[in-house]
Amino acid sequence: MVLKDFCERIVAAKCSSKSSTEAVDSTQVPASSKAGSSDSKFPKASLWSTFFTSGFSVDETYSESSSSEKKTVHSRNSGWAAAVRRVISGGSMRRFQERVLGSSRTDVSSSDGDIWLLGVCHKISPHESTGDVDTRNVFAEFEQDFFSKVLITYRKGFDAIEDSKYTSDVNWGCMLRSSQMLVAQALIFHKLGRSWRKTTDKPVDKEYIDILQLFGDSEAAAFSIHNLLQAGKGYGLAVGSWVGPYAMCRTWEVLARNQREKNNQGEKPLPMAIYVVSGDEDGERGGAPVVCIDDASKHCSEFSKGLVAWTPLLLLVPLVLGLDKVNLRYIPLLQSTFKFPQSLGILGGKPGASTYIIGVQSDKAFYLDPHDVKPVVNITGDAQEPNTSSYHCNISRHMPLDSIDPSLAIGFYCRDKDDFDDFCSRAIKLAEESNGAPLFTVAQSRSLSIQVTSSSVSGDNTMFDDDSLGTNLDNDAGTNEDDWQFL
């Protein structure tokens with residue numbers, strides 16, 4: 001009761017002091033602003049995530065109960081549920097969430113070094129020769145790059161999912177939305193290129209609209225939340241329940257295969273193979289996951305039905321890098337992955353609150369946040385200028401990289417075999433710098449457990465044994481097994 005009364009006072013204070021139509025927090029300022037929001041004075045996310053989930057679930061789940069249960073829940077929680085509904089409908093959910101889970105920061109400073117955003121470096125730090133930096137142009141380029149990334153958030157008002165009464169994914173669909181963003185970005189890179197930017201003064205690219213349509217909120221959209229939940233049943237996905245990164249990655253593997261079979265003769269919604277990299281074939285063993293070159297080739301061959309030796313490839317690498325928090329020795333390695341030209345970022349965030357991390361600057365992680373609640377938007381190619389404003393964000397939020405949940409997944413997109421070879425070379429070099437605790441390793445064959453080197457990937461057929469990089473594919477000698485959880 002004490003906790004409930006405390007939270008009701010928070011909601012009451014918020015609702016009475018702010019207009020119900022106010023949707024933007026005063027701490028949310030453009031990326032180039034120096035002023036950031038103040039740090040939360042409440043405990044860390046891990047302490048509050050369970051409460052936050054149960055609080056908002058009152059409004060989302062009580063409609064599933066029997067009529068008698070509904071009356072009981074209503075009589076017991078009517079005041080609390082009504083307050084929660086006002087918070088959600090009034091656009092105040094973010095303020096409440098940041099008050100409980102911890103606030104994000106929106107300031108960007110050139111003194112913190114350059115920003116890496118999905119393989120692109122924005123050099124905002126002063127030049128060594130002159131000590132100056134063209135702040136206006138550099139920040140404008142960063143803002144435009146950040147704004148061009150596809151944002152997919154909670155939606156309300158879509159058709160009920162399967163036989164449930166859920167018409168919104170508020171408070172439970174953040175991991176699904178984060179994964180949609182990552183796959184949407186892979187499609188942007190594939191169809192429009194890494195240099196593509198969303199502009200307001202030019203006609204909308206048809207390929208861009210086609211991509212957004214794939215993520216609509218109905219069963220007719222190939223990669224909708226409806227179809228993700230259907231494809232992920234074998235991995236525990238269920239309406240109203242949170243899901244982890246590993247299950248999410250495997251779900252995309254199933255959904256992509258289902259869509260290929262459904263569109264056997266037509267264009268594939270996802271024109272690339274998916275390779276989920278894990279410690280072993282079933283992903284149930286600890287230790288660093290292994291990128292097997294033979295496995296990648298097999299996925300490409302299966303995707304093309306043997307017509308070509310190699311196809312575009314989406315690599316998903318689910319990881320657990322600690323127990324309650326990320327082991328600090330992995331932070332530099334995570335930072336380095338954003339320098340890969342193939343980078344698609346990270347599915348991760350605070351415990352119980354998934355985000356899509358797309359960039360780093362020093363110890364800061366820039367992310368797109370799916371926790372804003374927006375009405376369903378029907379994007380069609382018929383409209384001359386479809387309204388896509390809800391799919392982008394000009395507020396660059398960031399959090400400390402070492403505060404993210406240790407359960408995460410890293411994504412990479414390789415356009416062709418040369419791009420994959422370059423990825424492998426970079427991954428091998430990163431493993432060499434890991435002091436025996438790599439994020440993942442590279443091997444030619446899973447069965448033979450043969451470690452490859454940069455020279456072998458680039459064309460030299462000389463292979464080296466497992467000890468060539470000071471790592472072991474089964475269990476890294478320098479890694480404490482307690483820091484790895486079963487995936």
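**Reading salt bridges in a predicted model**

Modeller: Let us start with a pair of charged residues, since both Lys-149 and Asp-145 are buried; please keep in mind that the model is predicted.

Colleague: How should I read such a pair, and what does Lys-149 form with Asp-145?

Modeller: The general idea is that side chains of opposite charge can pair when their charged atoms come close. In this structure Lys-149 and Asp-145 form a salt bridge, with 2.4 Å between the closest N and O atoms. A network of salt bridges links these two residues with Arg-197.

Colleague: How many salt bridges does the count come to?

Modeller: The count comes to ten salt bridges, and another of these joins the side chains of Lys-233 and Glu-162, at 3.2 Å from N to O. That pair links distant parts of the chain, with Lys-233 in the loop between α8 and α9 and Glu-162 in the loop between β3 and α6, 71 residues apart.

Colleague: Are Lys-233 and Glu-162 buried or exposed?

Modeller: The class follows from relative accessible area, where buried means under 20% and exposed over 50%, with partly exposed in between. Lys-233 has a relative accessibility of 47% and therefore counts as partly exposed, and Glu-162, with a relative accessible area of 32%, is partly exposed as well.

Colleague: Which side chain meets that of Glu-253 in a salt bridge, and where is Glu-253 placed?

Modeller: The side chain of Arg-250 meets that of Glu-253, at 2.8 Å from N to O, and Glu-253 lies in helix α9, which covers residues 245-262. Because Arg-250 and Glu-253 are three residues apart in helix α9, about one helical turn separates them. Arg-250 has a relative accessible area of 8%, so this residue is buried, and Glu-253, at 15%, is buried too.

Colleague: Which residues does Glu-253 touch, leaving aside those up to four places away in sequence?

Modeller: With those sequence neighbours not counted, Glu-253 touches Ile-274, Val-276 and His-299.

Colleague: To set these residues against the whole protein, what percentage of its residues count as buried, and what does its secondary structure come to?

Modeller: Of the 487 residues, 52% count as buried, and the secondary structure comes to 13 helices and 13 strands. Among contacts between residues at least 6 apart in sequence, 74% join residues at least 24 apart. The protein exposes about 21,100 Å², of which carbon and sulfur atoms supply 49%.

Notes: Residues numbered from 1 in each chain as written. Predicted model: local features only at pLDDT ≥ 70, side-chain atom pairs only at ≥ 80, totals over all residues. Heavy atoms only, no water. Helix = DSSP H or I, 4+ residues; strand = E, 2+ residues; numbered from the N terminus. Contact = heavy atoms within 4.5 Å. Buried < 20%, exposed > 50% of the residue type's maximum accessible area, 1.4 Å probe, protein only. Areas by Shrake-Rupley, 256 points an atom, 1.4 Å probe, with all protein chains shown as cover. Salt bridge = Lys/Arg side-chain N within 4 Å of Asp/Glu carboxyl O.
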